[in-house]
Amino acid sequence: MRPQEIIEKKREGLELSTDEIAIFIKGVCDKSWADYQTSALLMAMFIRGLSDAESETLTREMLYSGEVLDFSDIEQPKADKHSTGGVGDKTSLLIAPIVAACGVTVPMVSGRGLGHTGGTLDKLESIPGYNVKLPTEEFRRIVKTCGFAMAGQTEQIAPADRKLYALRDATATVPYIPLIVASIMSKKLAEGLDALVLDVKTGSGAFMQRLEDSKKLSHALVETGVKFGLKAQAVVSDMNQPLGQFVGNAHEIYECLKILRGESAESANATAELSIELSARMLILSGIADSIDAARALVESKISGGDALERFRKNVGCQGGDQSVCDDPEKLLEKGTHVREIKATESGFVSTIDTLAIGNALSEIGGGRVRAEDEIDNAIGYECVARLGDEVAAGDTIGILTCRNADQATRAGNKIATAHAVRESAPELPPLIHDVISA
Ligand code: URA
């Protein structure tokens, strides 16, 4: 069947058969479909829509376009967490060691940062020597030794998504739920998991800014997981301000180590709270705890007892990193950097924070990537001093930007300053967790 026949059928709003979707995905992978034909079909799907059956078939074909990891020789339950991405969203770095310390294996395949969002792999690479490029066998060995490993997607995992996501990004076809679900779930299902917790962000720094959209995406992700035999749950969490104390790769590892060491600042509480919640839900889905209170208590005991820190240290060693950062997290923060304090220009209450603008401002000076090929500068970081609802006086410090030079301080600092709106009356504060969506 020629690509134009499949494109024409979807263009006319008709439902594609399993065979037609399989031909499409095969054509994407073996390059027999030209990029313009793939893009045309993606746009037709975006405009005409996909039925539930088409979405499920698309997910399945994308999943089996590559290898599915097999951890059936590990007796422990296997679970992971996936976040739709945000600013200062560093929970993976805590969840993996915590959940592993509770007796669940976590084969975490993570991503890199792009645009305003950060990526777990970039954060980990700020630990000297830490290697995230693990061949499948090495990944399996570390998962077995440490209870978890954190690595990038290999060429063999859901290769169709790699191609489709790049074309969707270039053709304005990303924000359509069935395509997002097929993209995320094809990668997660390839990890060979028993359970998956999805952290779907909502708010000014989220990929889905409106709560209704985030809930719809959560339902679709959970339903798809269940159709494929996965125990799945979604937590809709707030991204109307950066999560916790710091934004920036080395700074976020620092914040997590401080939490694991029991030395964190109060402003890191949201990071700890959300990580505890997501970890606890992974334990319930994995059958390790039978109530949320018991799960939270187990998680908290693994942090306060130091087990999670020891797991993290072991993993850093296994992945070639400098374990001494676990004893001395300050080592992660580069010395001799340029610091700019961001000041409130009026008195009142911090009523909105344009989180997207903060993420972009940091990426533009090297704290993240504007283009996929950009280099990251681990010296760049931002401390969120004022939170939503805080009362400030004109001239108070609301944030601290760490960068390389005065030019960066001006460029990013001014954008971060204008990303904060201060009003006379106190705003209604968003909850950290808006909803929990179960099957
Ligand atoms: N993240 C993904 O992996 N895929 C999407 O389509 C959107 C966000």
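1. A cavity here is a set of grid points where a 1.4 Å probe fits but cannot get out. Keep that in mind for the largest cavity, which is lined by 20 residues, with Gly118, Val247, Gly248, Gly367 and Gly368 lying nearest its centre. Please also bear in mind that this is a predicted model.

2. Staying with the largest cavity, its space comes to about 140 Å³. Helices are worth colouring here: α6, α11 (249-260) and α15 (355-364) each supply at least two residues of the lining, and α15 gives the most, with 3 residues. By class, the lining of the largest cavity divides into 5 nonpolar, 12 polar and 3 charged residues. Domain 2 (79-154 + 166-329) and domain 3 (334-423) each contribute at least three residues to this lining.

3. How many cavities of 30 Å³ or more does a search of the whole structure find? The search finds 4. The second largest cavity has a volume of about 50 Å³. Its lining consists of Leu69, Val109, Leu134, Thr136, Phe139, Ala151, Gly152, Thr154 and Ile157. Two elements, α7 (136-146) and β3 (148-152), give two or more residues each to that lining. The class count for the second largest cavity is 6 nonpolar, 3 polar and no charged residues.

4. Now to the open spaces. The largest pocket holds about 1700 Å³ of space. Its lining has 50 residues, and Gly111, Arg112, Gly113, Tyr165 and Lys187 lie nearest the centre. Elements giving two or more residues to this lining are β1 (79-83), β2 (106-110), α6 (120-124), α8 (159-170) and α9 (177-189). Of the elements, α8 gives the most, with 6 residues.

5. If you plan to look at the chemistry of the largest pocket, its lining divides into 15 nonpolar, 20 polar and 15 charged residues. Where does the largest pocket lie? Both domain 2 (79-154 + 166-329) and domain 3 (334-423) give residues to its lining, so the pocket lies between them.

6. The second largest pocket contains about 280 Å³ of space. It is lined by 17 residues, and the closest to its centre are Gln241, Ala270, Arg387, Pro430 and Leu432. Helix α12 (residues 269-285) gives the most to this lining, with 3 residues. By class, the lining of the second largest pocket has 9 nonpolar, 3 polar and 5 charged residues. This pocket, too, lies between domain 2 (79-154 + 166-329) and domain 3 (334-423), because both give residues to its lining.

7. Next, the packing. In soluble globular proteins, nonpolar side chains tend to be buried together. The largest nonpolar core in this model has 78 residues, and Ile127, Tyr382 and Leu401 have the most contacts inside it. Helix α12 gives the most to this core, with 8 residues. At least three residues of the core come from each of domain 2 (79-154 + 166-329) and domain 3 (334-423).

8. Tyr382 deserves a look of its own. Leaving aside residues up to four places away in sequence, Tyr382 touches Gln245, Phe246, Val247, Ile342, Ile358, Leu362, Ile398, Gly399, Ile400, Leu401, Ile416 and His420. One of these, Val247, is also among the residues nearest the centre of the largest cavity, and another, Leu401, is among those with the most contacts inside the largest core.

9. One last item for your session: there is a second, separate core of 35 residues, including Val143, Val200, Ala220 and Ile437.

How values were computed. Residues are numbered from 1 along each chain as its sequence is written. This is a predicted model: local features need pLDDT of at least 70, side-chain atom pairs count only at pLDDT 80 or more; totals for chains, interfaces and linings use all residues. Side-chain values use heavy atoms; hydrogens and water are left out. On a 1 Å grid over the protein atoms alone, a cavity is a set of points where a 1.4 Å probe fits but cannot get out, and a pocket is an open set with protein on both sides within 12 Å along at least five of seven lines; lining residues have an atom within 4 Å of a point. Grid points are joined across faces, edges and corners, and a volume is the space filled by probe spheres set on the points. Helices (H or I, at least four residues) and strands (E, at least two) are DSSP runs, numbered from the N terminus. Ala, Val, Leu, Ile, Met, Phe, Trp, Tyr, Cys and Pro count as nonpolar, Asp, Glu, Lys and Arg as charged, and the others, Gly among them, as polar. Domain bounds come from an automatic or database domain assignment. A nonpolar core is a set of buried Ala, Val, Leu, Ile, Met, Phe, Trp, Tyr and Cys residues joined through side-chain atoms within 4.5 Å. Buried means under 20% relative accessible area, exposed over 50%, partly exposed in between (1.4 Å probe, protein chains only). Contact means heavy atoms within 4.5 Å.
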